[in-house]
Structure formats: C-alpha cells, structure tokens
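The exercises below ask the reader to work through a model from its ligand site outward to its sheets and loops. Each task is followed by a solution that proceeds step by step.

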Amino acid sequence: MIDIKLEIDGSKKFVTEEKIGKFSAKALEAKKNLLSRNGLGNDFLGWVDLPSETDPKIFESIRQDVARLAPKSELFVVIGIGGSYLGARAVIEALQSEFESFDCAKKHPFVIYAGHTLSEDYYHQLLDLLDKKEYSLAVISKSGTTTEPAVAFRIIKSHLEGKYGKTEAKERIIAITDARKGALHDIAVKEGYSMYVIPDSVGGRFSVLTPVGLLPIAMAGYDIEKLMQGARDMRDHCIHENDIEKNPALLYAITRNILYQEGRKVEVLTNFLPNLKYISEWWKQLYGESEGKDGKGILPHSLSFTTDLHSMGQYIQDGERLMFETFISVCRPHNHVSIPSDEENFDKINYLTTKSLTEINYNAEKGTIMAHIDGNVPVMRIEFPEITEYTLGQLIYFFEFACAISGYMLGVNPFNQPGVEAYKRNMFKFLGKPEN
Ligand code: PA5
C-alpha cells in the first residue's frame, strides 16, 4: 500500500491523454532499462535495492553508535556537502520541531551542519558554540577528498582534540566514506574511528538511505527502520506497477517530460509547511544534478508558501510563462492550535475561529492552485497523509525512482555529474594546489 498520491489535473491543458499515451511507451522502456541495468550509468544503480537489501547489521551498528554517543552529546555535527548531507538534513528538518534547538529536555543530540560552506564567520561562530556544548561528529564524504568537508573536518577535529584529548576525540568521530580508498578512509582506518561504507554503486545524491542519511537521522532520534519500510513499500510499488495511472513515479516522470517539451523549462516545487524546506533542497540537487547536462534539463526551483506568495507569487502569477509547479501537500498536522475569538473582531478574522489552521492553510493551497492554473501555470500535486519517517521514506524513493525514469526519458545519464568538476579545477588553480 502506498500513501503518496499524484494528481495531474492541473496540467490537463498541456498534458493530454494522447500525449500521456505517447510518452508512456518511453517511460516503460526507461523502467525496463533501469531494472535490467541496461541504461546509461548502470554502475550507479545500487540505490534501487537499498530498501530491500540493506544488511540488518548496519542498523544494529548505527543503534550502538547512537547509544554510545547520544548520551554524551548535546550537539552532533554532520560534516558533508551536497549528497553527503542534504538527505539527512531534509529528513531531520521535516521531522523535528522548528524550535528544537531551544528544547533543553531533548534526549537526542541536536544535529548541526558543517562542510557545506567555506564561510570563515560560519566556522568562527560554530567553534564558539562548540566551546560551550558537549558534542560528537560524523564526517561524510564518498570520495574522501572534497575540499569543503576536508577543511571543516580539520578545523573541528582540532577543536575536538583540544576539548576532549586525542583518545576521547577518536571515540567521538564517525567516518562515512568509501570502503577502500580516499584520504578520509585512510585517516579513519589509521585512527580507528567508527566507520561506515558508502557503496561504490550509490552516488551522493541517491545516498540518503545508506549510512550517509541513516546515521545522522538515527542520531537525531528518528526511526530509520520505519523510513526504510516506507522506501521499501514505495520501491515494490514503483517496480511492479505498470499501469501509468497507478504508478505515481512513472506519471510524474511522464508529465514533467511532456511539460518540458511544451517549453516549460523550470519546475517549481512548492510546499505549505516550512519544515519541508530541506526536502526541496534535497530534491533540487537530485533533479538538477541528474538532469542538467548535455545542454538539457528542467531547472529545479523551490518556494515555501504562503510566505513566498508575498514575494515570488507575483512572478508565478503574471511573469514569463516558463515554469510548471509541483505542490507537496500534507493532509494532517501532528498538533492543533485554535484561533481565539475576539469580541471586538477588530481584524475581522472571527470567521476563521471555527476552522483549524490546517484547514485555512489547505484553502490557501486550493486558492493558489486555482489562481496559478488560471495564470496558465501547469500544476501537479503530490499528496501524502502526514509527515512521518514512513511517509518520508515513500517520498524519497518516489522522487529517486521518478528521477531515474525522467532522466532516461530525457536521454541523459542521470547518475553522473561531470559539470561539478569545472569550478573545482579553477578554484584549485587559483589556490595553487600542488599536483600531487
Ligand atoms: O551527488 C553528488 O555526487 C555530489 O553532490 C556529492 O555528494 C558531493 O559533491 C560530495 O561529494 P563527496 O561525498 O565525495 O565529498
């Protein structure tokens, strides 16, 4: 059973039954190539079976590391960039309270991030905080040579050793990296850090269901087995369902490819809940890095409503018609807050007091979708019942599977990222990096 529904009624003007029929054959062919490992980038398909094949020993080992480090860590620093941190952050921020950092009674460490920036002030402020808090860390890099996390690890490791001494510092470091090679692998082996492997066949942006995502998510106190169960149920569905109307991943890939051919070059992922911001950031990397190559690809953009309706709403409604929108809609909140009635009704909102905030938010969503369709923006809507580890697991696998199908339909290799090297080459030249 899957909980995620995809509605494409708001795109019907552009995405006709006839076009869906035409593109379906392409999508099913892409699925066949993906599952038979015959498509481009087929040495990077390890993510397909992670939900069904992850060794239970990994869960046990993560449980032990969490039990060992959580009680002595107020903070847990995740050092990584791109695919080595966005998935964990997306899940943690979707599940945790917006005000989690102020919760003094927390049983699990509050997760903070490093290695995703080179800002000097950021590291100064971080070290200031780490002076005052008990902490441990995970350093995550598949290549083990990426500059940003390497710089951050050096700075924070030195702080950790200064604070706790070398022996205790080693106990507080977890390394997640390649099984055999890379600078991080070598130092982790030499120092005897607790280590986890990123499988060769799983690229960074598809790695959230490896220890890259699982370890930080578990450290933050969330149930990674439920996350995996959600991914597993979505995997079974995506793989076995060939009816396009019943397979949301195929329908999403088909619809976005049709809209791209209709000249819609930008996809805006929108949500009405601020804690989904990093789901959008993760999704942007997944789709941008997978499809943006060979002079092709939909540009992924994201907005958080209703706040961005008061900034970008104008452009979406009346600006250049280059985008389509995909709304993420969550049916149920976890808590309720009522709006008090006021005798004077000075702000004229007494009519809202019989409604829940979720109902008001839902009507804002309905109104926005209607307005944007009227403004000639094709709209899709992904609905799921509530935000839990289980539904997030489904959402993650849904987006990954659809991304692979969509990339194959576009005719690109969705699993490489040659363009990412260009800035590094220039930066190394400017910095005078030695050849060896
Ligand atoms: O998706 C990708 O491959 C990239 O975003 C990488 O995850 C990112 O560049 C970090 O690489 P690494 O894990 O090797 O440090």
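**Exercise 1. Determine which polar contacts the ligand makes, and how far the protein covers it.**

Solution. The model is a predicted one, and the first step is to look at the side chain of Gln 285, where an N or O atom lies 2.5 Å from an oxygen atom of the ligand. The next step is Ser 84, whose side chain places an N or O atom 2.7 Å from a ligand oxygen. At Gly 83 the backbone is involved instead, with a polar backbone atom 3.1 Å from an oxygen atom of the ligand. Since a polar contact requires N or O atoms within 3.5 Å, these three pairs can be listed as such. As for cover, the ligand taken alone exposes 380 Å², and the protein buries 87% of that area.

**Exercise 2. Describe the shell around the ligand by its residues, their classes and the domains that supply them.**

Solution. Begin with the count: the ligand is surrounded by 13 residues, and the closest are Ser 84, Ser 141, Ser 143, Thr 146 and Gln 285. Sorted by class, the shell comprises 9 polar residues, 3 charged residues and 1 nonpolar residue. Finally, assign the shell to domains: domain 1 (5-39 + 227-419) and domain 2 (48-222) each contribute at least three residues.

**Exercise 3. Work out the strand order and pairing of the sheet that contains S3 and S6, and explain what is special about its edges.**

Solution. Reading across the sheet gives the order S3-S2-S4-S5-S6, an open arrangement of 5 strands with parallel pairing. Strand S3 (110-114) and strand S6 (194-197) are the edge strands; each has a single partner strand, so one side of each has no neighbour in the sheet. From one strand to the next the twist averages 20 degrees. To examine one pair in detail, take strand S5 (residues 173-177), which runs parallel to S6 and is joined to it by 4 bridges. Within S6, Val 197 is the residue that stands opposite Thr 177.

**Exercise 4. Analyse in the same manner the sheet that contains S1 and S8.**

Solution. The order here is S1-S10-S9-S7-S8, again an open sheet of 5 strands, and its pairing is mixed. Its edges are formed by strand S1 (5-7) and strand S8 (299-304), each of which pairs on one side only. The twist from one strand to the next averages 20 degrees. For a pair within this sheet, consider strand S7 (residues 266-271), which is linked to S8 in the parallel sense over 6 bridges, with Leu 269 standing opposite Ser 302 in S8.

**Exercise 5. Locate a cis peptide bond and two residues other than glycine with positive phi, and place them in the fold.**

Solution. As background, most peptide bonds are trans, and most residues other than glycine have a negative phi. The cis peptide bond joins Phe 305 and Thr 306, with omega at about 10 degrees, and Thr 306 belongs to the loop between S8 and helix H13 (313-318). For Asn 345, phi is positive, near 50 degrees, and the residue sits in the loop between strand S9 (323-330) and helix H14 (357-374). Lys 348 also has a positive phi, near 60 degrees, and lies in the loop between S9 and H14.

Notes
Residues are numbered from 1 along each chain as its sequence is written. This is a predicted model: local features need pLDDT of at least 70, side-chain atom pairs count only at pLDDT 80 or more; totals for chains, interfaces and linings use all residues. Side-chain values use heavy atoms; hydrogens and water are left out. A residue is near a molecule or strand if one of its heavy atoms lies within 4 Å of it. A polar contact is a pair of N or O atoms within 3.5 Å; within protein, one must be able to donate a hydrogen and the other to accept it, and residues adjacent in sequence count only if both atoms are side-chain atoms. Accessible areas come from the Shrake-Rupley method with a 1.4 Å probe; for residues, only the protein chains shown count as cover. Ala, Val, Leu, Ile, Met, Phe, Trp, Tyr, Cys and Pro count as nonpolar, Asp, Glu, Lys and Arg as charged, and the others, Gly among them, as polar. Domain bounds come from an automatic or database domain assignment. Two strands pair if DSSP finds at least two bridges between them. Helices (H or I, at least four residues) and strands (E, at least two) are DSSP runs, numbered from the N terminus. Axes are lines fitted to C-alpha atoms, for helices over the stretch in contact, and angles run from 0 to 180 degrees between N-to-C directions.
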